[in-house]
Amino acid sequence: MKKLLVAALAACVFTFTASLYAQEGQPLNQLTPQEEELGFELLFDGGPLSPEIWQSSIDGYPVKDGYFVCDRGGNLQTKKAYSDFIFRFEFKLPKNGNNGVGIRTTSPNLDAAYHGMELQIIDDDYPNLQEWQHHGSIYGVVPAKVGSLKPIGEWNYEEIIAIGPFIKVIVNGQLIVDADITNVKPIHDAEHPGLHNKSGFIGFLGNGDPVEFRNVRI
């Protein structure tokens with residue numbers, strides 16, 4: 001079984017690389033033909049965030065010119081729970097911008113960093129970051145490699161692959177997290193009771209900084 005999962009992850013990385021090039025010239029907030037063939041779901045079409053797809057802080061993420069932006073913040077989470085998935089999106093950070101992607105969270109009222117996993121969305125020049133807080137890190141658990149982000153104000157492309165305990169984070173074509181969390185212990189002194197959840201909601205975890213998002217699909 002483990003060999004099959006590893007093979008599946010390798011296939012996902014190949015798919016990501018191919019789609020990264022294929023998306024050039026594609027309309028914004030639409031699936032590529034390849035993604036349609038693979039069964040991707042579009043979570044944002046450039047219009048108002050759909051309450052059939054999203055829950056919680058929809059009003060905190062207004063839509064502007066084909067992207068949505070963390071305005072008042074809060075957690076914007078999918079209404080559907082996901083277990084194994086490929087999650088793709090683009091984001092633009094302001095200076096010292098901070099947000100996150102929560103995955104496998106079992107309740108929209110729980111802190112995804114501890115009752116699921118939070119993968120950091122943050123300016124790597126944010127003051128006084130710990131190694132497990134840099135962009136793409138599984139917060140408090142697995143540090144990410146730094147150096148993948150484009151300059152502030154430019155769009156970044158990210159893919160998160162989760163298959164069982166295997167978690168990969170790819171940013172602008174660079175693999176920055178490649179983890180098997182089966183026996184991983186948190187780095188900092190905090191409980192993470194949801195780290196090994198099998199499934200749950202996916203969402204953006206706003207801190208009030210105007211981080212922008214587009215091309216969101218799964």
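Where does Asn96 lie? In this predicted model, Asn96 is found in the loop between β5 and β6. The legends below begin with the whole chain and then turn to individual regions.

**Figure 1. Overall architecture of the predicted protein chain.** The protein chain contains two helices and 12 strands. Read from the N terminus, the two helices come ahead of the strands, in the succession α-α-β-β-β-β-β-β-β-β-β-β-β-β. Of its 218 residues, 52% count as buried. Contacts between residues at least 6 apart in sequence include 65% that join residues at least 24 apart. The chain exposes about 10100 Å², and carbon and sulfur atoms supply 50% of that area.

**Figure 2. The largest nonpolar core, a set of 39 residues.** Phe87, Phe89, Val101, Phe204, Phe213 and Val216 are the residues with the most contacts inside this core. At least two core residues come from each of β5 (85-92), β6 (98-105), β7 (117-122), β8 (155-163), β9 (166-171), β10 (174-180), β11 (201-206) and β12 (212-217). The greatest contribution is that of β5, which gives four residues. Apart from this core lies another, made up of six residues, including Ile86, Ile161, Ile163 and Ile170.

**Figure 3. Surroundings of Val101, one of the residues with the most contacts inside the largest core.** With neighbours within four places in sequence left aside, Val101 is in contact with Phe87 and Phe89. Its contacts also include Met117, Glu118, Leu119 and Ile121. Ile160 is a further partner of Val101, as are Ile202, Gly203, Phe204 and Leu205.

**Figure 4. Strand β7 and its pairing with β6.** The strands β6 and β7 run antiparallel and are joined by six bridges. Within this pairing, Gly100 stands opposite Gln120 of β7. Strand β7 is mostly covered, with six of its six residues buried. In a regular strand, side chains alternate between the two faces of the sheet. In β7, Met117, Leu119 and Ile121 point one way, whereas Glu118, Gln120 and Ile122 point the other way. Residues of both sets are buried.

**Figure 5. Strand β11 and its pairings with β4 and β6.** Strand β11 is mostly covered: six of its six residues are buried. Its pairing with β4 is antiparallel and comprises four bridges. Here Asn75 stands opposite Leu205 of β11. The pairing of β11 with β6 is likewise antiparallel and extends over three bridges. In that pairing, Gly203 of β11 is the residue opposite Gly102.

**Figure 6. Thr78, a buried residue of strand β4.** Strand β4 spans residues 74-78 and contains Thr78. Is this residue, Thr78, buried or exposed? Thr78 counts as buried because its relative accessibility is 1%, and the cut-off for burial is under 20%. Leaving aside neighbours within four places in sequence, Thr78 is in contact with Leu43, Ile53, Trp54 and Gln55. Phe201 and Ile202 are also contact partners of Thr78.

**Figure 7. The open sheet of seven strands.** The strand order is β2-β3-β12-β5-β8-β9-β10, and the pairing is antiparallel. At the edges are β2 (63-64) and β10, each of which pairs on one side only. Inside the sheet order, β5 stands beside β12. These two strands run antiparallel and are joined by four bridges. The bridge partner of Arg88 is Arg217 in β12.

**Figure 8. Ser56 and Asn96, two residues with positive phi that are not glycine.** Ser56 has a phi near 75° and lies in strand β1, residues 54-56. With a relative accessible area of 43%, Ser56 is partly exposed. Asn96 has a phi of about 60° and lies in the loop between β5 and β6. Why is Asn96 classed as partly exposed? The relative accessible area of Asn96 is 27%, and partly exposed residues are those between the limits of 20% and 50%.

Note on methods. Residues numbered from 1 in each chain as written. Predicted model: local features only at pLDDT ≥ 70, side-chain atom pairs only at ≥ 80, totals over all residues. Heavy atoms only, no water. Core = buried A, V, L, I, M, F, W, Y, C linked by side-chain atoms within 4.5 Å. Buried < 20%, exposed > 50% of the residue type's maximum accessible area, 1.4 Å probe, protein only. Contact = heavy atoms within 4.5 Å. Pairing = 2+ DSSP bridges. Areas by Shrake-Rupley, 256 points an atom, 1.4 Å probe, with all protein chains shown as cover.
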